[in-house]
Amino acid sequence: MSQQLRQRLFDQLDALVLIDPHTHISALDPASHTLADILGYHYYTELAHSAGMPREEIEEPGLDPREKVRRLIENLGPLDNTIQYSWLVEMAQRLFGFADDRVTPENWETLYDAALAKMAQTDWAQQVLKTSRIESVFLTNDFDDPLEGFDTSVYIPCLRTDDLVFHLARPEVRQRLENATGISPASAGDLRRAIGALFQHFKSKGAKACAISLPPDFAPSRVAEARATTALEAVFEGRTDAGDAHRAALSRFTFWTLAEMCVEFRLPFDLMIGVNRGVYEAGVHQGRDLYDSRVSLIQYKELFNAFPQVTFPISVLASVTNQELASYAWIFPNVVTNGHWWYSNTPTFIEHDLACRLEAVPRTKQIGYYSDMYKLEFALPKFAMFKRILAKVLAERYVIDRGWSEERAVEFGKQVLRGNVERIFMMH
Amino acid sequence: MSQQLRQRLFDQLDALVLIDPHTHISALDPASHTLADILGYHYYTELAHSAGMPREEIEEPGLDPREKVRRLIENLGPLDNTIQYSWLVEMAQRLFGFADDRVTPENWETLYDAALAKMAQTDWAQQVLKTSRIESVFLTNDFDDPLEGFDTSVYIPCLRTDDLVFHLARPEVRQRLENATGISPASAGDLRRAIGALFQHFKSKGAKACAISLPPDFAPSRVAEARATTALEAVFEGRTDAGDAHRAALSRFTFWTLAEMCVEFRLPFDLMIGVNRGVYEAGVHQGRDLYDSRVSLIQYKELFNAFPQVTFPISVLASVTNQELASYAWIFPNVVTNGHWWYSNTPTFIEHDLACRLEAVPRTKQIGYYSDMYKLEFALPKFAMFKRILAKVLAERYVIDRGWSEERAVEFGKQVLRGNVERIFMMH
Amino acid sequence: MSQQLRQRLFDQLDALVLIDPHTHISALDPASHTLADILGYHYYTELAHSAGMPREEIEEPGLDPREKVRRLIENLGPLDNTIQYSWLVEMAQRLFGFADDRVTPENWETLYDAALAKMAQTDWAQQVLKTSRIESVFLTNDFDDPLEGFDTSVYIPCLRTDDLVFHLARPEVRQRLENATGISPASAGDLRRAIGALFQHFKSKGAKACAISLPPDFAPSRVAEARATTALEAVFEGRTDAGDAHRAALSRFTFWTLAEMCVEFRLPFDLMIGVNRGVYEAGVHQGRDLYDSRVSLIQYKELFNAFPQVTFPISVLASVTNQELASYAWIFPNVVTNGHWWYSNTPTFIEHDLACRLEAVPRTKQIGYYSDMYKLEFALPKFAMFKRILAKVLAERYVIDRGWSEERAVEFGKQVLRGNVERIFMMH
């Protein structure tokens, strides 16, 4: 009974056309060109590396795409249990007519060629979006992205601010800021004006969000402008006393200024909380980050209180932080739950975390899912995974446990999948 | 099969008459007078506020109850997914003959009037208890409560001690202590005598427990009397050096003294661990508290070792602390698991936390549930929620997974629901 | 449907002959002599004590085994809900022909005598292994164990190193080290040579792993040899300045040296992370340890990066650390998930933790289970518990949710149960 019920709910949820509210798509090159773009996704390279494949084989300079795929396929056997592997198979089946349930050294080349032919079609990106029932995707744009040459109603700009908050000490980041804004930040006031100019630019191009990922020990607080100027001078001059305290003060000032600009420019501020960068030094590209799950949203108390006008869609890296997220969204009007991020983007964690949110957070304050993808082909299998789990939770915990009608459950699911994205990011 | 099994187990558990071992009921005014008393429960006001309803609309001074209900009902749509909303509907159906599955701007007034008529009956509180199959409820009494004018066999006194431990620095709290005991605490010895007098009074009125809620950073330890006197003098005199260290020492001394009195007066000491008060400053009444889930029961090591004669029924605010609670109850004879508190009182957390306790903690050391209610009408839907989950876990993890007979499962469930409450709080 | 599916998967998994990769078996006395050896297991004594049985009744010196069993049986009623109790019953049924579902004051003596007769047979240990389908078990040997008098192909040596890392300050530990190696460690270099001699001895006797349990606050790092010599001198001379810093430095140096020896001798290094020893001072033997679940694998960042050649099978004590473990195993090639340890070795935690690992960690990097037993009789019920949960997760999350064939699911389960143990510990 439950399985048919789940299928019925899934079918209705799956019929919906969605907006993907967080991706790393390049608007100028959104889809893949060969299967190497698919298998080069860090989920495959890092898992293959973790299972024993040398990094040098994966990241050999000038490696031919077909050879890269051949090598990776030969190392995917140890991963064929993972949900990430299932994304590959489902994508291959749905987009490239693949008929098997595993990609092997025997059958990969046919798949490679089928994908190559599809990907060569000029409207491939549009085909993928249509088949995936995705109407638009949020980007993750560098602060100095010109945001030109693409349709911003399909590829929606989003201002990513990690560099500003955490790497402003680097000369090249300052130079990029100066190039983008014409302002050389010699004081906190200058920095504020430069950041304002970035927001002005992004807003004029239709940006719908500001976003940042944050390490577990970050705790935002207001920093006085004079203190920020002192910190900025010390950090920029590379003075020997420009220690951690100055860097931290400058980070906090910049972060706080971003929140202030979100007020002024009416943008939600996506916070992605919990990542430690570069934990595994010898890892593959994008396969070096991990975390310390000992993080608490209490670190954001001052922020949430200071900015009631800003909506904070929040993602947490570890499932153990999910209850805090649900509780903070239950209490703070400006806190919204946002998707299932990275190491928590696997079925058992999604199922648990989603169920906890669905039953305790107002239905208007839950953004169900984003793909986090780098290439458009991944939206289909990732959203399919989420929709299956959503259908399962709605079936088991609403229709069965609480006696809801299927219509009511589907209506709730649709709001979480799409309605809230439109409203929270003010898409219209 | 499993659904019918769950129903059979539920029906048997539901037939039991229960004692509610933790509530905030006012013994002199235990039931609601209008639906505003129901909808004024912080779960509804804080969720409505979180979903966008201005605090001023909810907390307008002198607001008419009917108007308050009208306003809140208009703002409940965004919460109709929550388990808290389901409590309202189930209560309305079972106590007031409500026939719909949602309370809306169209149907609320009929419900309001039906409830008003019922609540006006002089024996309404007794009717609610009877329908809810609750025979008595524990109170949460201020330390200076006279405990007079009610039947202490139905409304069981419980000494709440947050003010003593955390707010003794406030002149009004000291004044209340002096008024209640006739002792002006000029020294640690005086304070101990005053606390002893409170216990004497409560015990003479049939109190069955001492209780306190604790912030996540609290770590009790023994404080020498001389040190406590120094702290007390500094804190009470408001001296400029009465900093955090003195306050913390006084808190720890008072807490430790409470535990000593629990030995002397043979009372269990309910610890409710993990809440941070006032995190959301602009929140509605009772909707401002949150938490930092980074808490450990290792902070209570010294306490548990020092007081083997005291039973500590322990509630934790975050589900991530539940495994520690189960493990500490598995090892320490004086640690008992107690209910599912506040932000962990939603089905997915209850199901996980309950299952973990049932299979690892001696059956005699688990207090299944308390309602934490402010008005009697909430016992029915809250206990119903718990009993459904208990039936589900017993069905799936005992009858199906472990081959238990239904009788054996029900017997276990009944012990957790009622038998342990009687024994642990020495009700007879 | 699902229950029959689970049974079919279980039957196939259960047919496999296994290697138990972590136990506390004494190779010279591996099986029980009376039921007192079974009921003396700390899981029963500590739970009975927690439920109210005085320690003196359990640990009375010179207590007759039959009387000890009688006393414990009379105190098992409050535990008959626990999974630990179910191990006892399943073992009694499968090994001793017990026909009831509870061991009571009425039926225990028949069981006692039946067990006594079986245990008196000279080949009892072999019988138990055969019935349990266990072909060999890893030991937990003191560093000065002579490793003689037993078949090391069945009882596989494993070098346990807690004493070396945490108790080298004790004169008796140093004496044991000197006796075992002939080296009196007067410097860090001496200590390294002594440790090398231990590895040489263990390796020559067929040891397959080095192992240690670690407190939650331990964070390994490299310590310079000169610093280590200073620390060693201070600690060994018992100087008054041999404070925590010196002890910690010596611990870290010794630990790091063990990892270096694991490189040299090609041994995996089992890390069992999270235990606090002696939390409950008045507890029964082995029933005093608990934990602080606030631990992170980020504490092991330097270690994992420094020793890419060493495989670290890792067990975590608390389920809240399981996601970090899965994530670190997903990224670091040298991190492997290892079993379900102690307070996380109960069905609800196993089910959640296992599901998370199965779907995100390469299938080659997961060691499914070890028994941690002290007597051979426990392998059967403990592994049976795990195999039932494994069958449940494979049935629900692979065959049903992901459409896997039963054959594919069983093949995966077998790798996790046995194949990985052979490969990771280089058994051939």
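**Buried and exposed spots in a predicted model**

Asn338(C) has a relative accessibility of 3%, so it counts as buried. Bear in mind that the model is a predicted one. As for where this asparagine sits, Asn338(C) belongs to strand 10 of chain C, which covers residues 335–338. Setting aside neighbours within four places in sequence, the contacts of Asn338(C) are Asp270(C), Pro313(C), Ile314(C), Ser315(C), Arg357(C), Ile367(C) and Tyr370(C).

Past that strand comes a backbone oddity. Trp342(C) isn't a glycine, yet its phi is positive, at about 55°. Most residues other than glycine have a negative phi. Trp342(C) is in the loop that links strand 10 to helix 16 (347–358) of chain C. With a relative accessible area of 8%, under the 20% cut-off, this tryptophan is therefore buried.

Arg266(C) pulls a similar backbone trick: its phi is near 50°, again a positive value in a residue other than glycine. This arginine is in the loop between helix 13 (244–264) and strand 6 (269–273) of chain C. Its surroundings are another story, because a relative accessible area of 56% makes Arg266(C) exposed.

Then there's the nonpolar core. The largest one has 463 residues, and Leu271(A), Leu271(B) and Leu271(C) are the ones that touch the most other members. Taking the chain A copy, and again skipping neighbours within four places in sequence, Leu271(A) is in contact with Ile212(A), Leu214(A), Phe255(A), Tyr300(A), Leu303(A), Phe304(A), Phe312(A), Pro313(A), Ile314(A) and Ser315(A).

Definitions and conventions: Residues numbered from 1 in each chain as written. Chains lettered and ligands numbered in written order. Predicted model: local features only at pLDDT ≥ 70, side-chain atom pairs only at ≥ 80, totals over all residues. Heavy atoms only, no water. Core = buried A, V, L, I, M, F, W, Y, C linked by side-chain atoms within 4.5 Å. Buried < 20%, exposed > 50% of the residue type's maximum accessible area, 1.4 Å probe, protein only. Contact = heavy atoms within 4.5 Å. Helix = DSSP H or I, 4+ residues; strand = E, 2+ residues; numbered from the N terminus.
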